[in-house]
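Let's look at a protein model together and ask how its labels are earned. Each answer sets a value beside a definition.

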Amino acid sequence: MTNSHSLLAQHLFTQRSAISPASEHVDLKPHSIDDAFAVQQQMIALSNQDIAGWKCLTPLENGQLIFAPILARAVVEQFHCPIIPSAKTSGLQALIEPEIAFVLGQDFTAYQHYSNEQIDLAISATHMALELIQGRFSTDYPASYYEKLADGLSNQGLYLGPQIDKPLAYQANNINITVSHNGEAHMFEGVHPCQSPQAPIYWLINYLTSKGVSLKKGQAIITGSYCGVVKVPLATNVDIEYQHLGKISVRFDHNR
């Protein structure tokens, strides 16, 4: 861990609660995935919080890796969900991504390798879930992939919704998502970005353990949005229905 990693981590962590966040720090840019990973780990230490889970995808064709920790205080399960909204000309909006969360039923030890079958057996529960999104770079700043990775890939938190049957979650490659509020319903043809929702878990667990990170029982892993980022209003009852799986009912309130 270098001093620049520590300074950048302090800067990025501060932006998570800033009124007008600007995650860029032109003098302390990460230049590799290892740099970004080191900054993430330092931010975890600065937060003085446990890790409640991770977001991830399978590696992209261009070599980019998509992974970021979710801090314990950022996980919400009750109807009223505090969120730092996106401020646009149209007003304040909550940014969410409909996903599935896979909850670990056992620890995974650093520097151990695990088969897909071992990981499947260790998934103790699956839930409907919403990733809470927060833009932390200035609108006109062209953040690099490494900067975004170090910053946590726009993750603000996790809304953990109703539990769903594990076999159904594993088969949920394509599910329509309907978002309803204020008497309007918006339907999205949901397609998982990694073909199967469980595929990123196999990669993430073995990647993190190879980097010396142990995963803990109870952590939740989300593996990609079925329909990208969805914008919904604040202080309004919102229903998000996953076709044949269930429904989340939630109200997003401004986390001041």
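Here are some questions and answers about charged pairs, burial and strands.

This is a predicted model, in which local features need pLDDT of at least 70 and side-chain atom pairs count only at pLDDT 80 or more, while totals for chains, interfaces and linings use all residues. Residues are numbered from 1 along each chain as its sequence is written, and side-chain values use heavy atoms, with hydrogens and water left out.

Q: Why is the contact of Lys211 and Asp34 called a salt bridge?
A: A salt bridge is a side-chain nitrogen of Lys or Arg within 4 Å of a carboxyl oxygen of Asp or Glu. Lys211 and Asp34 have an N to O distance of 2.7 Å, so the pair fits the rule. By this rule the count comes to four salt bridges.

Q: What makes Lys211 partly exposed?
A: Buried means under 20% relative accessible area, exposed over 50%, and partly exposed in between (1.4 Å probe, protein chains only). Lys211 has a relative accessible area of 28%, so "partly exposed" is the right label. Asp34, at 47%, is partly exposed too.

Q: How do you know that Glu131 and Lys55 form a salt bridge?
A: Their side chains meet at 2.9 Å, N to O, so the pair passes the distance rule. Glu131 lies in strand β7 (residues 123–133) and Lys55 in strand β1 (residues 51–56), so the pair ties together parts that are 76 residues apart in sequence. Strands (E, at least two residues) and helices (H or I, at least four) are DSSP runs, numbered from the N terminus.

Q: Are Glu131 and Lys55 buried or exposed?
A: Glu131 has 1% relative accessibility and Lys55 has 9%, so both count as buried.

Q: What makes Asp151 and Arg136 a salt bridge?
A: The N to O distance is 3.0 Å, so this pair fits the rule as well. Asp151 is in helix α4 (residues 145–151), and Arg136 is in the loop between β7 and α4. Asp151 is buried at 2%, and Arg136 is buried at 1%.

Q: Why do we say that strands β4 and β14 pair?
A: Two strands pair if DSSP finds at least two bridges between them. β4 (residues 80–83) and β14 (residues 246–254) share four bridges in the parallel sense, so they pair. One bridge partner of Cys81 in β14 is Phe252.

Q: How do you know that β13 and β14 pair?
A: Six bridges join β13 (residues 237–242) to β14, and they run antiparallel, so the definition is met here too. In β14, Lys247 is the bridge partner of Glu241.
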